[in-house]
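This report covers selected residues, backbone features and nonpolar cores. The sequence and the structure come first.

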Amino acid sequence: MKRRINFRIGQVLTAFAIIVTLSCKDNNPNKGKEMALNSEMGDAPVKAPTKKLSPEFKDYWYAGEAEITSYNLSQPRYGQLREGKAVTIFVTEPFAAKTQVKADNHDASNIPVLKLNTTKNYLTGIYPYSIMTSAFYPLNGDTKAQKVTFSTQEWCGQVYAQVNNREQMEVMSHSYFETEGDQDFAMDHAILENELWNRIRVDPENLPLGKSMSVPALEYIRLSHKEFKAYAVDFSLDKNGGLSTYTITYPKLKRTLKITFGTTFPHTIEGWTETFVSGYGENAQEMTSTATKIATLKSPYWQQNSNEYISLRDSLGL
């Protein structure tokens, strides 16, 4: 009898403990603050960044929305300027540290990142170019992008490249050109140009300055058929009232990228210019690409995929 009573008391205590635990979890007033509030699909919370971020940063980037900005694009290709559109999409999301992909589920090892997707679309005569680059920048105090990917599609074929930052930078590249073909190799860590856009949004005071080594934008490397490596670079930052310009110059490549952004938070990207040699042979000449801002929209776009939301593209001038 005594053993039966003790067993029942144990069952009651166990049930009580479970109820208390669930109650504490459900009613935790800090639950929303401890998890990243925006992860596109909303199903993979992640611990709050360990890097000290300002309240205004958290209010802006953890509001359950992405920041979408459209630009009028003038892009050199084959020695001629092409008119098109560019779009940048910045959004925070949980990132799986081991596999380096967007996390589908909660895990203590998830890393909070600020992701940038950049798209460019323009015509080269009869056929179109569609370009997309993604950069995943950590918000846990690390200063290296976790991953950068690039792809381009046009009627001649497709090109894809990916860089994963682990013990070394792991590079994978696929191209329909025979001389480039399929590549898979590792290289020493270096600054990735593609991550600098994210760093501007997180903390422009932490941008690299002076002489260094940097891997140019994956778009430039693939479309210009340059060797995939780090090149000597000069970084400079000029503040002029409400706007700042970050200049990235590769002397050997004869290429200069200038990114203009808001000096004060949230450091919106207002536009950019990129000067480089475009074309081949006798048609090769130094030309400048320009991107001029059209509009910015804060939106949970992943929830706005029905036809009723098509009109939102009008507000972006797309």
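## Thr88 and its contacts

In this predicted model, Thr88 touches Glu67, Ile68, Thr69, Tyr71, Leu116, Asn117, Thr118 and Trp272, leaving aside residues up to four places away in sequence. Thr88 belongs to strand β2, which covers residues 80-96.

The relative accessible area of Thr88 is 2%. Buried means under 20%, so Thr88 is classed as buried.

## Gln146

Gln146 lies in the loop between β5 (127-138) and β6 (147-154). Despite the loop position, Gln146 is buried, at a relative accessible area of 8%.

Residues up to four places away in sequence are again not counted in the contacts of Gln146. The residues touched by Gln146 are Phe95, Gln100, Ile111, Phe136, Pro138, Val163, Asn164 and Asn165.

## Nonpolar cores

In soluble globular proteins, nonpolar side chains tend to be buried together. Here the largest nonpolar core has 57 residues. Those with the most contacts inside this core are Val215, Phe228, Tyr246, Ile248, Ile269 and Trp272. Strand β5 supplies the largest share of the core, 5 residues. A second core, separate from the largest one, has 7 residues, including Ala66, Ile68, Val87 and Leu316.

Two residues named above link back to Thr88: Ile68 and Trp272 are both among the residues that Thr88 touches. Ile68 is part of the second core, whereas Trp272 is listed for the largest core.

Val215 has contacts with Met169, Met187, Ala190, Ile191, Leu192, Glu193, Ile221, Phe228, Lys229, Ala230 and Tyr250, not counting residues up to four places away in sequence. One of these, Phe228, is also listed with Val215 among the residues with the most contacts inside the largest core.

## Backbone features

The peptide bond that leads from Phe265 to Pro266 is cis, with omega near 10°. Pro266 is in the loop between β14 (255-262) and β15 (269-278). His267 is found in the loop between β14 and β15 as well. Phi of His267 is near 55°, a positive value in a residue other than glycine. With 10% relative accessibility, His267 counts as buried.

A positive phi in a residue other than glycine also occurs at His225, where the value is near 60°. His225 is placed in the loop between α5 (218-224) and β12 (231-240). The relative accessible area of His225 is 33%. This value falls between the 20% and 50% limits, so His225 is partly exposed.

Technical notes. Residues numbered from 1 in each chain as written. Predicted model: local features only at pLDDT ≥ 70, side-chain atom pairs only at ≥ 80, totals over all residues. Heavy atoms only, no water. Helix = DSSP H or I, 4+ residues; strand = E, 2+ residues; numbered from the N terminus. Buried < 20%, exposed > 50% of the residue type's maximum accessible area, 1.4 Å probe, protein only. Contact = heavy atoms within 4.5 Å. Core = buried A, V, L, I, M, F, W, Y, C linked by side-chain atoms within 4.5 Å.
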